[in-house]
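This briefing introduces a protein structure to a reader who has not met it before. Please look over the sequence and the structure, then turn to the points that follow.

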Amino acid sequence: DFFGELSCKVLVGNLIGASIILNQSTYTIVAPPNEIRGIVPITLSCQGLTKTLDLRTSVEYVEASIVTVVFSDSLGCLLQSTCIMSMKVTNPPRKIQQGSDLTIQVNGAVFDSDSPPEIQVLGLNMQLMYLSVSLPAIQKAGVYKSQLQVRVVSETFPWLPVDFNITVLNPIPMIVELNPSKGSEKGGDLISLYATGFPKSMRLENLMIRFGQNITAPVLTLLSDSAGSFISFLTPEHNPALISIQ
C-alpha cells in the first residue's frame with residue numbers, strides 16, 4: 001500500500017533488476033549480474049520515490065560456481081566406453097541431498113544407451129561438493145560443451161547451470177593379455193587374446209593376426225563389449241623362437 005498501483009523499477013543494490021506494476025503482493029524477478037559478493041538490499045523506485053524492502057527480500061551474491069573434472073582413465077572419456085569422472089564443484093547449490101537432485105547435459109553427444117548419467121554425491125558443504133559421475137559410452141570423439149544442472153530449479157534450488165567441457169578420446173588399440181603365451185612349433189594351439197581400444201564396429205572378417213613380419217593367421221572368434229575385445233586364433237607352424245604378435 002506504500003505507492004498504490006504504480007509503475008516501478010526493482011533495484012538490486014544500484015543495479016536495475018526489472019520493471020513491474022505494483023498491483024499485487026508477490027513478484028518474481030531475476031537478479032542482475034553483480035561483481036560484488038555479499039548481501040545486497042532490494043529497493044523499489046516508483047516515479048522518483050524509493051522504498052527499501054526489509055532484509056527478507058535482500059539478495060546474497062556469492063562467487064560463481066566452478067566445476068573441476070578429473071577423468072579416471074586418461075585425459076578424457078574413451079570413445080565407446082563408459083566414462084567415470086570425479087567432479088569438484090565450488091560454491092555448490094544449497095540443500096542438495098543426493099545425486100538425483102542433479103543432472104548433466106552433454107550438448108551434441110550421442111550415447112550408446114538411453115540411461116541417464118549416474119551421479120553420486122561423495123561430500124558436500126557450503127564451499128565444496130564432490131561428485132562421482134558415470135556417463136554412458138559416447139559414440140563420437142570430440143570436445144563436448146556440458147552443463148551441471150539442478151534438476152528442478154525453484155526457490156529451494158536457486159542455482160544456475162555451470163559450464164564445463166568433456167573430452168572424448170579415440171583410444172589407442174592395445175593388446176593387454178595373451179593366454180597361453182607359448183605354443184608348439186607345429187602350430188595349431190588355441191590362443192586367447194584380450195585387447196582394448198578397438199572400435200565396436202570391428203568385424204571378424206576384417207581381422208588378421210600377424211606373427212613376426214610375414215606369417216599371418218585368421219581370427220576364429222571375436223567378442224567385444226564396452227571394456228575391450230576377446231579374440232581367439234590358432235598358431236601357425238614356426239621354428240622355435242620368440243616372435244612378436246600384431
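The structure is a predicted model. One of its sheets is an open one of 4 strands with mixed pairing. The structure also holds 2 aromatic pairs and 1 disulfide. The points below take up these features by topic, together with a pocket and some individual residues.

**The open sheet of 4 strands**

- The strands of this open sheet follow the order β8-β14-β13-β10, and their pairing is mixed.
- The edges are occupied by β8 (77-78) and β10 (102-106); each has a single partner strand, so one side of each is left without a neighbour in the sheet.
- Strands of a sheet pair through backbone hydrogen bonds, in either a parallel or an antiparallel way.
- The pairing of β10 with β13 (residues 142-150) is antiparallel and comprises 5 bridges.
- Within that pairing, Leu 102 has Val 150 of β13 as its bridge partner, and Ile 104 stands opposite Leu 148 in β13.
- β13 also pairs with β14 (residues 162-169), in the antiparallel sense and over 7 bridges.
- Here the bridge partner of Tyr 144 is Ile 166 in β14.
- Val 143 is placed in strand β13, and its relative accessibility of 58% makes it count as exposed.
- The C-alpha atoms of Val 143 and Val 168 are separated by 6.2 Å, although the two residues are 25 residues apart along the chain.

**Strand β9 and its partners**

- Side chains alternate along strand β9 (residues 83-90): Cys 83, Met 85, Met 87 and Val 89 point to one face and are buried.
- Ile 84, Ser 86, Lys 88 and Thr 90 point to the other face of β9 and are not buried.
- Strand β7 (residues 67-71) runs antiparallel to β9 and is joined to it by 5 bridges.
- In this pairing, Val 67 has Val 89 of β9 as its bridge partner.
- Strand β12 (residues 128-135) likewise runs antiparallel to β9, with 8 bridges joining the two.
- Met 87, one of the buried residues of β9, stands opposite Leu 131 in β12.
- The loop between β9 and β10 contains Gln 97, which counts as exposed at 71% relative accessibility.
- Gln 97 and Leu 124 are 27 residues apart along the chain, and their C-alpha atoms are separated by 8.8 Å.

**The disulfide**

- Cys 77 and Cys 83 form a disulfide in which the sulfur atoms are 2.0 Å apart.
- The torsion about the S-S bond of Cys 77 and Cys 83 is about -75°, and the disulfide is therefore left-handed.
- Cys 77 and Cys 83 are both buried.

**The aromatic pairs**

- A pair of aromatic rings is described by the distance between the centres and the angle between the planes.
- How are the rings of Tyr 194 and Phe 230 arranged? They form a tilted pair, at 4.7 Å centre to centre with 35° between the planes.
- Tyr 194 belongs to strand β16 (residues 190-196) and Phe 230 to strand β19 (residues 229-234), so the pair ties together parts that are 36 residues apart in sequence.
- Phe 230 counts as partly exposed, at 41% relative accessibility.
- The ring centres of Phe 211 and Phe 233 are 5.8 Å apart and their planes stand at 70°; because an angle over 60 degrees counts as edge-to-face, this pair is edge-to-face.
- This pair links distant parts of the chain, with Phe 211 in strand β17 (residues 208-211) and Phe 233 in strand β19, 22 residues apart.
- Phe 211 is buried, with a relative accessible area of 6%, and Phe 233 is buried, with a relative accessible area of 0%.

**The second largest pocket**

- The second largest pocket holds about 420 Å³ of space.
- This pocket is lined by 19 residues, of which Ser 181, Lys 182, Gly 183, Ala 241 and Ile 243 are the closest to its centre.
- By class, 11 residues of the lining are nonpolar, 6 are polar and 2 are charged.

Terms used
Residues numbered from 1 in each chain as written. Predicted model: local features only at pLDDT ≥ 70, side-chain atom pairs only at ≥ 80, totals over all residues. Heavy atoms only, no water. Pairing = 2+ DSSP bridges. Phe/Tyr/Trp six-rings, centres within 6.5 Å; stacked < 30°, edge-to-face > 60°. Buried < 20%, exposed > 50% of the residue type's maximum accessible area, 1.4 Å probe, protein only. 1 Å grid on protein atoms, 1.4 Å probe; cavity = no way out; pocket = protein on both sides within 12 Å on 5 of 7 lines; lining within 4 Å. Points joined across faces, edges and corners; volume = space filled by probe spheres on them. Nonpolar A, V, L, I, M, F, W, Y, C, P; charged D, E, K, R; others polar. Disulfide = S-S within 2.5 Å.
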